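Student: I'd like a close look at one part here, please. Could you walk me through it slowly?

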Amino acid sequence: MPGVPLQHFLVVGLALFALGLYTVLTRRNAIGILMGIELLLNAANVNYVAFARYSGTPTDGQIFAIFVIMLAAAEAAVGLAIVLGIYQNFESIDVDATHALRH
Amino acid sequence: MFYAFAAFTVLCAAGVAFSGNIVYSAFALLGMLFGVAALYVFLAADFVAGAQFLIYIGGVLVLILFAVMLTHRIADVAVSNRSVGRFPAFALVAATAVIMARAIFKTRWPVVDTLPDTPTTHAIGNGFLGPYVLPFELASFVLLAVLVGAIVVSRKELRS
């Protein structure tokens, strides 16, 4: 995309990262924390693809972005399975309520 | 055009971060993922944009919506975190953002003049079966482990 400098993509990535970090830090809802992690991973991905685009060899960064997307899907699957397990045991997904490994 | 999509993405991300209702957060996450896919299109990454649509929006988001709907009383959980209050979190995030913004604008990035926009699938396929074949195979193994692990974790235990 000629005309848009690299820094502007990086700023978008920075904004996504900051909002994701804020989400992870302030949520008590376990699913909300997982959403924040998705934001963080997307911020990293935007930076990967942007750097790859402006470095002249776009393939490597895009392959890394695909690996990140794949691992994000895996992380979401396992994370949500754990959240549902916690919900069955504790009747709550407030992360403060999960103070014991078994109930 | 790019700035419209960028603003849309950041606004939806802010919706995820600041919305009081987790269901609204989930739908804001949908908008954010669409916006990021659009940014990939602006970066001439067609395959990554497609993967974003299929995996994130078709897979991860549906999974999150399932979890949101399956856990009732989900809106009852207070938004703010007790151990990390809003103000310390905001201060930490602001400090991080300032440092990273300084790094972004002070560094002279060695930008190469961009190539013409060509389809990327051929090169990505060659990369996956060439130099990246070991991570590719490991990824399939990780996905198998995730499938089994998620089933084991989430099924109801048989209590005797």
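Tutor: Let's take helix 2 of chain A, then its partner, and then the contact with the other chain. This is a predicted model, where local features need pLDDT of at least 70 and side-chain atom pairs count only at pLDDT 80 or more, while totals for chains, interfaces and linings use all residues. Residues are numbered from 1 along each chain as its sequence is written, and chains are lettered from A and ligands numbered from 1 in the order in which they are written.

Helices here are DSSP runs of H or I with at least four residues, and strands are runs of E with at least two, numbered from the N terminus. Helix 2 of chain A has 25 residues and spans 37 Å from first C-alpha to last, close to the 36 Å expected at 1.5 Å a residue (the expected span is 1.5 Å times one less than the number of residues). It's mostly covered, with 21 of those 25 residues buried. Buried means 20 or more other C-beta atoms within 10 Å of the residue's own, exposed means 12 or fewer, and partly exposed is in between, with C-beta atoms placed from the backbone. Just past helix 2 of chain A, A:Gly56 has a positive phi of about 95°.

Now for the partner. Helix 1 (residues 6-26) of chain A packs against helix 2 (residues 30-54) of chain A at about 165°, with the axes 8 Å apart. Axes are lines fitted to C-alpha atoms, for helices over the stretch in contact, and angles run from 0 to 180 degrees between N-to-C directions. That angle is why helix 1 of chain A counts as roughly antiparallel to helix 2 of chain A (over 145 degrees is roughly antiparallel, under 35 roughly parallel, 65 to 115 roughly perpendicular, and the rest oblique). Their contact has 18 nonpolar, 7 polar and no charged residues. Nonpolar covers Ala, Val, Leu, Ile, Met, Phe, Trp, Tyr, Cys and Pro; charged covers Asp, Glu, Lys and Arg; the others, Gly among them, are polar.

On to the other chain. Chain B has 6 helices and 0 strands. The contact between the chains takes 61 residues from chain A and 73 residues from chain B, where two residues are in contact if their C-beta atoms, placed from the backbone, lie within 7 Å. Helix 3 of chain B gives the most to chain B's side, with 13 residues. By class, that side of chain B divides into 57 nonpolar, 13 polar and 3 charged residues.
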